[in-house]
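Biologist: I am new to this structure and should like to understand the terms used to describe it. Could we begin with one helix and go on from there?

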Amino acid sequence: MAPAKIAPSMLSSDFANLASEAQRMLSFGADWLHMDIMDGHFVPNLTIGAPVIESLRKHTNAYLDCHLMVTNPLDYVEPLGKAGASGFTFHVEVSKENWQELVERIRSKGMRPGVALKPGTPIEEVYPLVEGKNPVEMVLVMTVEPGFGGQKFMPEMMDKVRELRKRYPSLDIEVDGGLGPSTIGMAASAGANCIVAGSSVFGAPKPEQVISLLRKSVEEAQ
Ligand code: DX5
Ligand code: ZN
């Protein structure tokens with residue numbers, strides 16, 4: 001069974017105080033820190049890149065779960081590897097031609113490869129990446145259109161999660177977008193084990209309670 005990983009999305013943190021925000025989330029029980037890297041091209045928003053990951057790495061040993069919402073993920077492998085990223089999750093929509101090379105390079109830089117898909121992308125598109133001889137180790141199912149925090153969870157994406165869990169009992173399956181106390185039940189019962197949550201965690205008066213509720217929901221559903 002794939003263990004629960006709760007990953008607060010640092011996109012909802014105070015970027016001007018990133019190190020202390022990260023420490024705060026870890027002290028609240030976060031397993032991973034989800035880092036949303038956007039290029040203003042693949043998505044209509046621009047966030048952080050390797051220099052910020054490198055700075056944060058000096059303050060924490062935590063698993064930095066990097067989600068690449070960029071048009072050319074290959075260009076980011078080397079700098080993110082050097083910066084100390086842990087997971088490197090690229091989008092299948094922009095990697096149809098070169099995912100094998102991408103996965104190989106990600107692994108050679110000591111990072112863990114994952115693949116993400118947008119709401120409109122059929123789940124079948126990731127199967128070859130999970131089943132190949134050099135497979136990705138995580139599938140991220142977007143439950144909102146990528147680009148911004150604080151959007152509404154799309155329950156119809158749970159069919160993708162169920163399908164993946166049926167096919168791959170021990171794969172890391174991550175959900176991202178609109179997760180919180182009112183939606184975690186759907187994601188957990190569908191079989192997701194890695195939970196990204198931005199606004200529901202950072203916006204809560206007691207983020208530690210939200211983190212532990214998310215974890216409990218995943219564990220109870222397993
Ligand atoms: C959206 C990002 C998410 C976002 C989630 O494009 O990939 O990680 O920060 O934020 P919430 O949990 O607020 O939907
Ligand atoms: Zn994300």
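Modeller: The model is a predicted one. In helix α3, D75 and K82 are exposed residues on the face turned away from the buried side.

Biologist: What makes D75 and K82 "exposed"?

Modeller: The term requires over 50% relative accessible area; D75 and K82 of α3 are classed as exposed, so each lies above that cut-off.

Biologist: Which residues of α3 are buried?

Modeller: In α3, residues 74-83, these are V77, L80, G81 and A83. Buried means under 20% relative accessible area, so these residues fall below that limit.

Biologist: Why are the buried residues said to be on the same side of α3?

Modeller: They cover an arc of only 150 degrees around the axis, and therefore lie on the same side of α3. The packing partners of these buried residues are β2, α2 (50-57), β3 (63-69), β4 (87-91) and α4 (99-108). Just after α3, G84 has a positive phi of about 100 degrees.

Biologist: Which residues have the most contacts inside the largest nonpolar core?

Modeller: They are M35, I53 and F90, in a core of 66 residues. Among the residues that M35 touches, leaving aside those up to four places away in sequence, are M10, L18, I53 and H67.

Biologist: What makes D65 a contact of M35 but not a member of a nonpolar core?

Modeller: Contact means heavy atoms within 4.5 Å, so D65 qualifies as a residue that M35 touches. Asp is not among the residue types that form a nonpolar core, so D65 is not a member.

Terms used
Residues numbered from 1 in each chain as written. Chains lettered and ligands numbered in written order. Predicted model: local features only at pLDDT ≥ 70, side-chain atom pairs only at ≥ 80, totals over all residues. Heavy atoms only, no water. Buried < 20%, exposed > 50% of the residue type's maximum accessible area, 1.4 Å probe, protein only. Helix = DSSP H or I, 4+ residues; strand = E, 2+ residues; numbered from the N terminus. Arc of directions from axis to C-beta. Core = buried A, V, L, I, M, F, W, Y, C linked by side-chain atoms within 4.5 Å.
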